[in-house]
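Ready for a few warm-up exercises? Take a look at the model below, then work through the tasks one step at a time.

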Amino acid sequence: MDSPTPVLEQTRDDLLAEIQSHDGERREILDPATGEVVGHAPVHTVDDLERAVARAKAAQPSWAALGHERRSELLMQAADAIDAEAEALARILSREQGKPLNGPNARFEVGGASGWLRAAAATPLEAEVVFDDGETHAELQYRPIGVVGAIGPWNWPQMITVWQVGPALRMGNTVVVKPSEYTPLSVLALIAVINRVLPEGVVEIVSGGREIGAALSSHPAVGKVMFTGSTATGKAIIRSSADTVKRLTLELGGNDAGIVLPDVDPKAIAEGLFWGAFINTGQTCAALKRLYVHDRVYDAVCEALVEVAGAMPMGVGLDEANVLGPLQNRQQFDIVDRLVESAKASGARVLLGGEPDREQPGHFYPTTLVADIDNASPLVQEEQFGPALPIIRYHDVDEAIALANDVEVGLGASVWAADRDEARRVAARIEAGTVWINSHGTIHPMVPFGGAKQSGYGLEFGVEGLKALGVPQVING
């Protein structure tokens, strides 16, 4: 019997050919694992954006008029279309972003995209009677905003695009998507598949650089912008959206802390700690990025983490054996490299990794664990967004909570303990949008997610996520 691989590769190539048909300028997209050319992404202009917004604006009234039930049916069909092309989408994603096919990576992400789209379609949002005394009847409902701008990141490009697009469409809006310039092919392919089902103009996509994002976030016909990315870019979007008083949902940078209490079994939590920190090779906003461990279990936790981390294979994503991949771009590699080198220079102890091959074609940074590090180290205070975890020793829980809170961001955090009641008491004192108990970064389409402090504002997922994509209206009388 012939190997199925040529068929899968042909399906992937057909989808790439479909999204690369553009008469204007195109640019090479390189595989971060090998440096090879993955494909050529269109470079759209601000004029292209204007036309896309105009098409989305024209399509919005008829899309809204379909009603929730029919829109949900079409979104379910779009999820079916994603499932039908799942392997091709995963292979494009793996080559462009770098993440392996297996583990919580490319195939997982494509499955998450269809799953979250189904959740947005299936979640009910009924009008709410907020007051009724027999004379006055006040009812709260949600109307479409109009056109939503969706500006996505390069770390989870397909799944986060669906987090933005799915609820926006469910609520009767149309969407203009602007993918990261690092991973446009993955999102172009996803939208091409979705648009095989949806009416013309309902989802538009414009691929380009920062000028496209700036024009989208200031466009007078765009009623809301959803953005996932750095805090610095989020602040720029706030400024550029101010003149048109746009609604915003911003999921910005994080520097998530984990606190390990002294009653844990180090071996029992080691794998959970590892994936909390190193999912997507550490390139996740809500990954565990600072680990505070009580002195009583510090050495045992370090030892257990080294054992788990040292067994996780890293390499080219299309190799089925790998579960960790390269950093997506050289800029991110250089950030991680700088932070680890600063930790080493300060006298911190490298337990694993920390010695990258800087001459190789791929952006591979080895899985790195750094112990006996001062909390003031840049590796602790700055978001590394890569496979390097600082492990800080503490003696008192109040001290650990104070250190965890002593940053400007607050996306997520975690508490690890055998006593869940004590873990919850500690969690309630942490300044973060989500605090997990004995896990880190696990999300569910029905559980609201959003940040505190400079990690942004607004909620995604579930009923609260749907409400954020509508204009609240009270019918009173």
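**Exercise 1.** Which kind of link do the side chains of Glu 341 and Lys 344 meet in?

*Solution.* Keep in mind that this is a predicted model. Start with the atoms: N to O is 3.0 Å, and the two side chains meet in a salt bridge. Next, check the positions: both residues sit in helix H12 (residues 330-345), and because they are three residues apart, about one helical turn separates them. Finally, look at the surface: Glu 341 is partly exposed at 31% relative accessibility, and Lys 344 is partly exposed too, at 26%.

**Exercise 2.** Work out where the partners Asp 295 and Arg 393 sit along the chain.

*Solution.* First, the pair itself: Asp 295 and Arg 393 form a salt bridge, with their closest N and O atoms 2.8 Å apart. Now place each partner: Asp 295 is in the loop between strand S11 (288-294) and helix H11 (298-309), while Arg 393 belongs to strand S14 (residues 388-394). That puts them 98 residues apart, so the pair links distant parts of the chain.

**Exercise 3.** Is Asp 256 buried or exposed, and how far away is the nearest side chain of opposite charge?

*Solution.* Begin with the location: Asp 256 lies in strand S10 (residues 256-260). Asp 256 is buried. The nearest side chain of opposite charge belongs to Lys 289, 5.3 Å away. A salt bridge needs the nitrogen and oxygen within 4 Å, and Asp 256 has none.

Notes
Residues numbered from 1 in each chain as written. Predicted model: local features only at pLDDT ≥ 70, side-chain atom pairs only at ≥ 80, totals over all residues. Heavy atoms only, no water. Helix = DSSP H or I, 4+ residues; strand = E, 2+ residues; numbered from the N terminus. Buried < 20%, exposed > 50% of the residue type's maximum accessible area, 1.4 Å probe, protein only. Lys, Arg positive; Asp, Glu negative; His and termini not counted.
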